[in-house]
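Student: Hey, I'm new to this one. Can you walk me through it?
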Amino acid sequence: MSEAKVWDRLAGRYDTIVRLFDTSYGQVRERLERDLPERGRVIEIAAGTGQFTGELARRADYLMATDVSPAMVDRLRRRVLEEGIAAGIAAVDCAVMSAYAIEAPDGSFDAAFCANALHVMDAPERALAELRRVLRDDGVLIAPTFLHGVDGFRHGLSQTLGLISPFVAHTRFDLVSLTRTIAAAGFKVSYAERMRGLFPLGYVVAEPLATTQEQRSGDARGN
Ligand SMILES: C[S@@+](CC[C@H](N)C(=O)[O-])C[C@H]1O[C@@H](n2cnc3c(N)ncnc32)[C@H](O)[C@@H]1O
């Protein structure tokens, strides 16, 4: 089943299910105060039903909140309207979009946010490469990601969830493999913290490594 179809099926129950696992979300919101630029253009990928969209919007001049699942984006749009999330900032756009093909020009965002999603993508490295592409060289990536591979208990629990629900963790990260995956996509990890929870959360902040003119022309040639 495609990623969009899996999450379309889970969308109606997502806000209830996430409460079992989101004990670290309050801490993430606190860290965002510290780590997100105070203004600027922000992209959120895999936004789900908008657990963090309000926090991002409050600090942005412009926010593009996206997800691959149309059912998730329906709920996200509703939340943005009902909670008045767009009030006070220049604009919030909600869009159905795959993290593997972000519809935005190179270097067009000051900050990128991807919460609780790299482990559920079948190709997280493609999403990270796209995030690197759309970020400015002096931008920031913030990627809190559940760590399903920290120990045998969490590994087993993650496998069981895959058997009893449509949920699939494609990559069972620990903090080291998560930071390595992010670094391999062209980032320098500036902060990494493991937050406690049924599944611990790896909270990672990373800066893009500068792209050279040579790399840019290579990319344009499809190398
Ligand atoms: C566990 S939810 C996280 C939602 C929200 N960010 C949160 O922290 O609660 C994972 C989200 O990733 C989205 N997703 C999965 N694969 C994706 C992809 N390739 N591109 C964009 N979104 C994707 C799903 O549709 C789902 O909404």
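Tutor: Sure. Keep in mind that this is a predicted model. The protein chain has 9 helices and 8 strands.

Student: How compact is the protein chain for its 223 residues?
Tutor: As compact as a globular protein of that length, because its radius of gyration is 17 Å, close to the 17 Å that the globule rule gives. Along the principal axes, the C-alpha atoms fill a box of roughly 50 × 40 × 35 Å.

Student: And what share of the residues count as buried?
Tutor: Of the 223 residues, 39% count as buried. As for contacts with a separation of 6 or more, 68% of them link residues 24 or more positions apart.

Student: OK, the ligand next. Which residues come nearest to the ligand?
Tutor: There are 20 residues around the ligand, and W7, A46, G48, A99 and N116 come nearest.

Student: What's the mix of classes in that shell?
Tutor: The shell has 13 nonpolar residues, 5 polar ones and 2 charged ones.

Student: Let's pick A46. Where is A46 found?
Tutor: A46 sits in the loop between β1 (41-45) and α4.

Student: Is A46 buried or exposed?
Tutor: A46 is buried, because 25 other C-beta atoms lie within 10 Å, and the cut-off for buried is 20 or more.

Student: What about the phi of A46?
Tutor: Phi of A46 is near 55°, which is positive even though the residue is not a glycine. Most residues other than glycine have a negative phi.

Student: Now N116. What is its phi near?
Tutor: Phi of N116 is near 55°, again a positive value in a residue other than glycine. N116 belongs to the loop between β4 (109-114) and α6 (124-134). It counts as buried because it has 22 C-beta neighbours inside 10 Å.

Student: And A117, where does that one lie?
Tutor: A117 lies in the loop between β4 and α6. It has 24 C-beta neighbours inside 10 Å, so A117 counts as buried.

Student: How far is A117 from A143?
Tutor: Their C-alpha atoms are separated by 8.5 Å, while along the chain A117 and A143 are 26 residues apart.

Student: Switching to helices. Which residues of α6 are buried?
Tutor: In α6 those are P124, A127, L128, E130, L131, R132 and V134.

Student: And what do they pack against?
Tutor: The buried residues of α6 pack against strands β1, β4, β5 (135-142), β7 (187-195) and β8 (201-208), and also against helix α8 (175-184).

Student: Now α5. How does its span compare with what you'd expect?
Tutor: Helix α5 covers residues 70-82, and at 1.5 Å a residue its 13 residues should span 18 Å. Its end C-alpha atoms are 18 Å apart, so the two agree.

Student: Which residues are buried in α5?
Tutor: M72, V73, R75, L76, R79 and V80 are buried in α5. They cover an arc of only 160° around the axis, so they are on the same side of α5.

Student: What does that side pack against?
Tutor: The buried residues of α5 pack against α1 (3-10), α4 (53-59), β2 (62-67) and β3 (91-96).

Student: And which exposed residues are on the face turned away?
Tutor: That face of α5 carries P70, L81 and E82, which are exposed.

Student: What follows α5?
Tutor: G84 follows α5, and its phi is positive, near 60°.

Student: You mentioned α1. How exposed is K5?
Tutor: K5 lies in helix α1, and it counts as partly exposed because it has 13 C-beta neighbours inside 10 Å. The C-alpha atoms of K5 and A60 are separated by 30 Å, with their positions 55 residues apart along the chain.

Student: Last one, α7. How many of its residues are buried?
Tutor: The number buried is 0 of the 13 residues, so α7 lies largely in the open. Helix α7 runs over residues 152-164 and reaches 18 Å from its first C-alpha to its last, close to the 18 Å expected.

Student: Got an example residue from α7?
Tutor: Take G156, whose place is in helix α7. G156 is exposed, because just 11 other C-beta atoms lie within 10 Å. The C-alpha atoms of G156 and G48 are separated by 25 Å, and these residues are 108 apart along the chain.

How values were computed
Residues are numbered from 1 along each chain as its sequence is written. This is a predicted model: local features need pLDDT of at least 70, side-chain atom pairs count only at pLDDT 80 or more; totals for chains, interfaces and linings use all residues. Helices (H or I, at least four residues) and strands (E, at least two) are DSSP runs, numbered from the N terminus. The expected span of a helix is 1.5 Å times one less than its number of residues. A residue is buried if 20 or more other C-beta atoms lie within 10 Å of its own, exposed if 12 or fewer, and partly exposed in between; C-beta atoms are placed from the backbone. The arc is that of the directions from the helix axis to the C-beta atoms. Two residues are in contact if their C-beta atoms, placed from the backbone, lie within 7 Å. The radius of gyration is taken over C-alpha atoms; the globule rule is 2.2 Å times the number of residues to the power 0.38. A residue is near a molecule or strand if its C-beta atom, placed from the backbone, lies within 6 Å of it. Ala, Val, Leu, Ile, Met, Phe, Trp, Tyr, Cys and Pro count as nonpolar, Asp, Glu, Lys and Arg as charged, and the others, Gly among them, as polar.
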